[in-house]
Amino acid sequence: MRLVANARMYAVDAATAANWSALFVRIAAMAGVPLTVIPHAAPAPLEDLWRRDDLGLAFICGYPFARGGFPVHPVAAPIPASGDGRPLYATHLVVRAESDIATLADSFGRRLGWTVAHSQSGFNALRTHLLPHWQARGPLYATSIGPLLTPRRVIDALLAEEIDLGPLDSYFHDLLLAAEPQTAARLRIVETTAPRPMPLLVASDGLGEALVARLQAALLAAHQDEEGRAILARLRLSGFAAVEPQGYRVLVEEADAADAAGYLQPG
């Protein structure tokens, strides 16, 4: 059975997508598990990818993973090279570089963008970060615009002056800095949310423990392999870590707290 792989969540541009494909090819060779990289571009729902029974490796956001409902098994989580050696990331709240918004409070009353309700970085981290301000002040933004679906669409909406503030996955930003420094230079970070567990690579639940273990071992050893290490460097990763599922529970707890407070959508 040939399995499929996809890294749409972090395919910042064509060159980065090619690096992900190269990594999957290398992992397949190291694990002895054939993988076919498939396209699954937006607006195709990521949920359709997570429900496949031939899924070998694909990214899932930590919030839907922790919430459950998808037949996936955790394999490994990426470790951003820009971090402290742990599989953590955050959400940057970004504006146009020339914006007069200097602080988060300056953005109140303007136009906010968000990605999709199942996203941690583009929705729930944003709600969690804004919740105390919403509780103190009531509605924060004149308009809340979404679903924009992807970090790229958030960037496009900012630069087209359709929104004034938007969420950007910090690892996506790392990749953007490397792939498109001219685009990254047109954005400015106003605040950054608390670090949380990274989106993780998962496989179909029905693959069996032996296959998953081989894929996991290859990912965990990728930084020790010369070819793998070179690809990881291009992807701004230091390696992969074993997944601790209980660590993702905080994402559900924070989303539930925002729901319980009545803050159902960032804005």
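**Reading a predicted fold: salt bridges, cores and a sheet**

Biologist: Glu-180 has a relative accessibility of 14% and so counts as buried. The model is a predicted one. With which residue does Glu-180 form a salt bridge?

Modeller: The partner is Arg-152, and the closest N and O atoms of the pair lie 2.7 Å apart. This contact links distant parts of the chain, 28 residues apart: Glu-180 belongs to the loop between helix H7 (170–179) and helix H8 (181–184), whereas Arg-152 belongs to helix H6 (residues 151–159). The threshold for burial is a relative accessible area under 20%. Arg-152, at 23%, therefore counts as partly exposed.

Biologist: How many salt bridges does the structure hold?

Modeller: There are 14 salt bridges in the structure. One of them joins the side chains of Arg-153 and Glu-162, at 2.9 Å from N to O. Arg-153 is partly exposed at 31%, and Glu-162 is partly exposed at 35%. Another joins Arg-196 and Glu-254, at 2.5 Å from N to O. That pair also links distant parts of the chain, with Arg-196 in strand E11 (residues 196–197) and Glu-254 in helix H11 (residues 249–261), 58 residues apart. Here Arg-196 is partly exposed at 22%, while Glu-254 is buried at 16%. In addition, Arg-96, Glu-98, Arg-111 and Asp-164 form one network through salt bridges that share partners.

Biologist: Helix H6 has been mentioned. Which residues of H6 are buried?

Modeller: Pro-151, Val-154, Ile-155, Ala-157 and Leu-158 are buried in H6. They lie on the same side of the helix, because the arc that they cover around its axis is only 165 degrees. The cover over these buried residues includes strand E6 (91–96), strand E9 (166–169), H7, H8 and strand E10 (187–192). Just after H6, Glu-161 takes a positive phi of about 60 degrees.

Biologist: How should one read the nonpolar cores?

Modeller: In soluble globular proteins, nonpolar side chains tend to be buried together. In this model, the largest nonpolar core has 69 residues, and Tyr-10, Trp-20 and Leu-57 have the most contacts inside it. Helix H1 (residues 14–31) supplies the largest share of this core, six residues. A second, separate core has 16 residues, among them Leu-93, Trp-114, Leu-126 and Leu-140.

Biologist: Which residues does Leu-57 touch, not counting those up to four places away in sequence?

Modeller: The residues that Leu-57 touches include Val-4, Ala-5, Phe-24, Ile-27, Leu-35, Val-75, Leu-201, Leu-215 and Leu-219. The polar Asn-6 is also one of them.

Biologist: In what order do the six strands of the open sheet run?

Modeller: Strands of a sheet pair through backbone hydrogen bonds, either parallel or antiparallel. In this structure the order is E2-E1-E3-E12-E4-E13, with mixed pairing. Strand E2 (35–37) and strand E13 (237–241) are the edge strands, each pairing on one side only. On average, neighbouring strands of the sheet are turned by 30 degrees against each other, direction ignored.

Biologist: How many bridges join strand E3 to strand E12?

Modeller: Three bridges join E3 (residues 55–60) to E12 (residues 200–204), and the two strands run antiparallel. Within that pairing, Ile-60 has Leu-200 of E12 as its bridge partner.

Biologist: Which strands does H1 lie across?

Modeller: H1 lies across strand E1 (3–6), E2, E3, E12 and E13, and runs at about 175 degrees to E2.

Definitions and conventions
Residues numbered from 1 in each chain as written. Predicted model: local features only at pLDDT ≥ 70, side-chain atom pairs only at ≥ 80, totals over all residues. Heavy atoms only, no water. Core = buried A, V, L, I, M, F, W, Y, C linked by side-chain atoms within 4.5 Å. Buried < 20%, exposed > 50% of the residue type's maximum accessible area, 1.4 Å probe, protein only. Helix = DSSP H or I, 4+ residues; strand = E, 2+ residues; numbered from the N terminus. Contact = heavy atoms within 4.5 Å. Pairing = 2+ DSSP bridges. Axes fitted to C-alpha atoms, helices over the stretch in contact; angles between N-to-C directions. Salt bridge = Lys/Arg side-chain N within 4 Å of Asp/Glu carboxyl O. Arc of directions from axis to C-beta.
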